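Here is an informal walk through one structure, from a single residue outwards to the sheet and the pocket. Have the viewer open as you read.

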Amino acid sequence: VLGSRSADTLSGIGPAPLRAGDRVAVGPPPRGAVALPAAPADPAPDAPLRIVWGPRDDWFDAAGRDRLISQAWRVSPQSDRVGARLEPADGAPLRPRDGDLPSEGMVAGAIQVPPSGEPVLFGADHPVTGGYPVIAVVVHADLPRAAQLRPGDVVRFAEA
């Protein structure tokens, strides 16, 4: 769409995902040496991602809310641009209270907890609605760091 080489995995719009051996045209060859732009310094790459409590944090008891920020979470291989599924790295999953929750609007950085108790940190291609409780939301300033998480990485959260 509009010359993009990216795909929206939820809607199926765009080209197929890249595979080993695919070639992607990026424009004419450079006329000389190309300097890479300097990456902004990240003064604390291992710092916890800062959160604000979400609209449904009341679906979790105090111990569950404390568990979100007191234990480490490992990024699961079941992660992509839609969201990073988080497995407890050194503790227990989160368990929301029982009940039905109608679908609600979602934002990038929302930490939604499905029945498995393994939170999903929504990324750039997140769905616009979701039906599981959102315990917290990563602050906007920390979303670029959250977007760099890879399977196997360990992440922690802290109240903003």
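Where does Arg85 lie? It is in strand S3; helices (H or I, at least four residues) and strands (E, at least two) are DSSP runs here, numbered from the N terminus.

Before going on, a word about the model. It is a predicted one, so local features need pLDDT of at least 70 and side-chain atom pairs count only at pLDDT 80 or more, while totals for chains, interfaces and linings use all residues. Residues are numbered from 1 along each chain as its sequence is written, and side-chain values use heavy atoms, with hydrogens and water left out.

**Arg85 and its surroundings**

At 23% relative accessibility, Arg85 counts as partly exposed, because buried means under 20% relative accessible area, exposed over 50%, and partly exposed in between (1.4 Å probe, protein chains only). Leaving aside residues up to four places away in sequence, Arg85 touches a list of residues that includes Arg74, Val75, Ser76, Pro114, Glu118 and Val120; a contact means heavy atoms within 4.5 Å. Leu121 sits 36 residues from Arg85 in sequence, yet their C-alpha atoms are 6.5 Å apart in space.

**The sheet**

Zooming out, the protein has 2 helices and 10 strands, and along the sequence they follow the pattern β-α-β-β-β-β-β-β-β-α-β-β. An open sheet is built from 8 strands in the order S9-S2-S3-S6-S5-S8-S1-S10, with mixed pairing. Two strands pair if DSSP finds at least two bridges between them. As a reminder, strands of a sheet pair through backbone hydrogen bonds, either parallel or antiparallel. The edges are strand S9 (154–155) and strand S10 (157–159), each of which pairs on one side only.

Here are some of the pairings, each with one bridge to look up in the viewer.

| Strand pair | Sense | Bridges | One bridge pair |
|---|---|---|---|
| S1 and S8 | antiparallel | 3 bridges | Trp53 and Ala136 |
| S2 and S3 | antiparallel | 3 bridges | Trp73 and Pro88 |
| S3 and S6 | antiparallel | 3 bridges | Ala84 and Leu121 |
| S1 and S10 | parallel | 3 bridges | Leu49 and Phe157 |

Strand S1 covers residues 49–53 and strand S8 residues 134–138. Another bridge into S8 is the one that gives Val52 the partner Val137.

What lies across S1, S2, S8 and S10? That would be helix H1 (residues 62–70), which runs at about 160° to S1. Axes are lines fitted to C-alpha atoms, for helices over the stretch in contact, and the angles run from 0 to 180 degrees between N-to-C directions.

**The largest pocket**

How many residues line the largest pocket? There are 18, of which Asp80, Arg81, Gly123, Ala146 and Ala147 lie nearest its centre. Strand S3 (83–88), strand S6 (120–122) and helix H2 (143–147) are the elements that give two or more residues to this lining. H2 gives the most, with 3 residues. By type, the lining splits into 11 nonpolar, 4 polar and 3 charged residues; Ala, Val, Leu, Ile, Met, Phe, Trp, Tyr, Cys and Pro count as nonpolar, Asp, Glu, Lys and Arg as charged, and the others, Gly among them, as polar.

The volume of the largest pocket is about 340 Å³. For the small print, the search uses a 1 Å grid over the protein atoms alone and a 1.4 Å probe, and a pocket is an open set of points with protein on both sides within 12 Å along at least five of seven lines; lining residues have an atom within 4 Å of a point. Points are joined across faces, edges and corners, and a volume is the space filled by probe spheres set on them.

**Two more residues, and the whole protein**

Ala89 is in the loop between S3 and strand S4 (104–105). With 27% relative accessibility, Ala89 counts as partly exposed. Not counting residues up to four places away in sequence, Ala89 touches Ala72, Trp73 and Arg74. From Ala89 to Pro37, 52 residues away along the chain, the C-alpha separation is 35 Å.

Is Leu36 buried or exposed? Leu36 is exposed, at a relative accessible area of 77%, and its place is in the segment before S1. The C-alpha atoms of Leu36 and Ser11, 25 residues apart along the chain, are separated by 34 Å.

Overall, the C-alpha trace spans about 60 × 35 × 25 Å along its principal axes. Of the 160 residues, 30% are buried. Among contacts between residues at least 6 apart in sequence, 64% join residues at least 24 apart.
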